[in-house]
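Notebook open, coffee poured. I want to go through the domains and then the ligands.

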Amino acid sequence: MAILFVSAIDDPVAWRRELARRLPDLDFRVWPEVGDPADIEVALVWRPPPGLLAGLPNLRLIQALSAGIEALLADPTLPDVPLCRMVDESLTVTMREFVAATVLFFHRGLDRYARRQRQVRWRLEPPRPAAATRVGIMGLGVLGGDVARTLAGLGFRVRGWSRRGKTIPGVETFAGPDALADFAAAVDVLVCLLPLTPATEGILDSRLFAALPRGAVVINVGRGRHLVERDLLDALDRGHLRAAWLDVFAEEPLPDDHPFWRHPRIHVTPHAAAWTHPETAAEVVVENLRRLRAGEPLRHRVDRARGY
Ligand code: NDP
Ligand code: OXD
């Protein structure tokens, strides 16, 4: 079985090493060195060029290196073989750390202190307890569910919103589009951890921002196209929103002349929230290769009709 690795951001040397430690006979090829395309049965990919996978006649599995797979589904030539997304401990832990760091950043007013430093202003704000900050998580799946539990464990008042109803101890849950405004009404820090689908594109818009209390903060670690950029700028400039932390963008890398880079109330990180480390994630891939060979159900298979 030959596996084709395609990624502009993941390290092929580390992936080859980690897979070879577990499967010494695996034929691991790194795009564009495909060899005979007919040999390739598995594609291990992060945003491959559209059309590339359609040229692999014996492909049996597309295993994404990422949790989000909307870019793959956007390729109309994507072969009709099982598509699995990445669910891995390193991805979950790094997302947990990132969201906890950004929520704590705003909860402890570090944005205000950074502004005051630039003004050479010494002004102390006594810290408030975590329970004084209400955090709302959009998306309660592998990552959002973990983040909700972590923040509840830190003492924050946490609520979450998902497509179907959920029960998470210590978290108030809401489900479906009709519950979105009620969910948003008591959220000081909004975290988007949704997949990008036709139903969630543009969901961070003026209507949702208007439903948030004045002074709320938005953290987007989902996808750039969840956000209506103009609506965010308006809500910030009118003072309805206090600040935003954006990790994902409609266009990545974010163009140099984009207003987000220089906005005083927007914090930009380069799609850096979470990371798939091959040291743990190779285990996930190997298990799916084993299942593929054994004809067993694959793990973390994407429901293409649902879009995630
Ligand atoms: P999951 O599929 O495990 O969870 C998705 C969650 O979103 C589920 O709770 C689901 O609801 C909910 N959801 C989906 N559609 C809707 C909808 N229309 N309305 C309300 N809720 C909805 O995904 P993960 O948690 O693994 O990942 C989430 C996303 O995080 C990824 O798709 C990716 O976009 C982003 N991501 C960003 C990274 C970064 O570095 N910035 C890194 C990794 C991921 P239900 O539970 O009812 O199905
Ligand atoms: C993603 C990822 O989906 O890095 O953004 O896994």
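Below are my entries, in the order I looked things up.

**Ground rules.** I'm working with a predicted model, where local features need pLDDT of at least 70, side-chain atom pairs count only at pLDDT 80 or more, and totals for chains, interfaces and linings use all residues. I number residues from 1 along each chain as its sequence is written, letter chains from A and number ligands from 1 in the order in which they are written, and take side-chain values from heavy atoms, with hydrogens and water left out.

**Domains.** I looked up the split first: domain 1 is 2–88 + 276–294, and domain 2 is 89–268. These bounds come from an automatic or database domain assignment. The contact (heavy atoms within 4.5 Å) takes 11 residues from domain 1 and 10 from domain 2. I also noted that the C-alpha centres of the two domains lie 32 Å apart.

**What gets buried between them?** I read off about 880 Å² between domain 1 and domain 2, with carbon and sulfur atoms giving 51% of it. Buried area here is the accessible area (1.4 Å probe) that two parts lose on being put together, summed over both. On the domain 1 side, Arg47, Glu70 and Asp88 lose the most area to domain 2, together 49% of what that side buries.

**Polar links across the interface.** I get two salt bridges between domain 1 and domain 2, the rule being a side-chain nitrogen of Lys or Arg within 4 Å of a carboxyl oxygen of Asp or Glu. Glu70 also turns up in a salt bridge with Arg223, at 2.7 Å, N to O. For polar contacts I count six residue pairs between the domains, both residues at pLDDT 80 or more. The term means a pair of N or O atoms within 3.5 Å; within protein, one must be able to donate a hydrogen and the other to accept it, and residues adjacent in sequence count only if both atoms are side-chain atoms.

**Ligand 1.** Which residues come nearest? Of the 29 around ligand 1 (a heavy atom within 4 Å), they are Leu140, Leu143, Arg164, Lys166 and Tyr308. Oxygen atoms of the ligand sit 2.6 Å from a polar side-chain atom of Arg164 and 2.5 Å from a side-chain N or O of Lys166. A nitrogen atom of ligand 1 is 3.1 Å from a backbone N or O of Val221. The protein covers 94% of the 940 Å² of accessible area that ligand 1 has on its own, by Shrake-Rupley with a 1.4 Å probe.

**Ligand 2.** I find Ser66, Ala67, Gly68, Leu91, Arg223 and His271 around ligand 2. Backbone N or O atoms of Ala67 and Gly68 each lie 2.8 Å from an oxygen atom of this ligand. Arg223 puts a polar side-chain atom 2.7 Å from a ligand 2 oxygen. Cover is 84% of the 210 Å² that ligand 2 has on its own.
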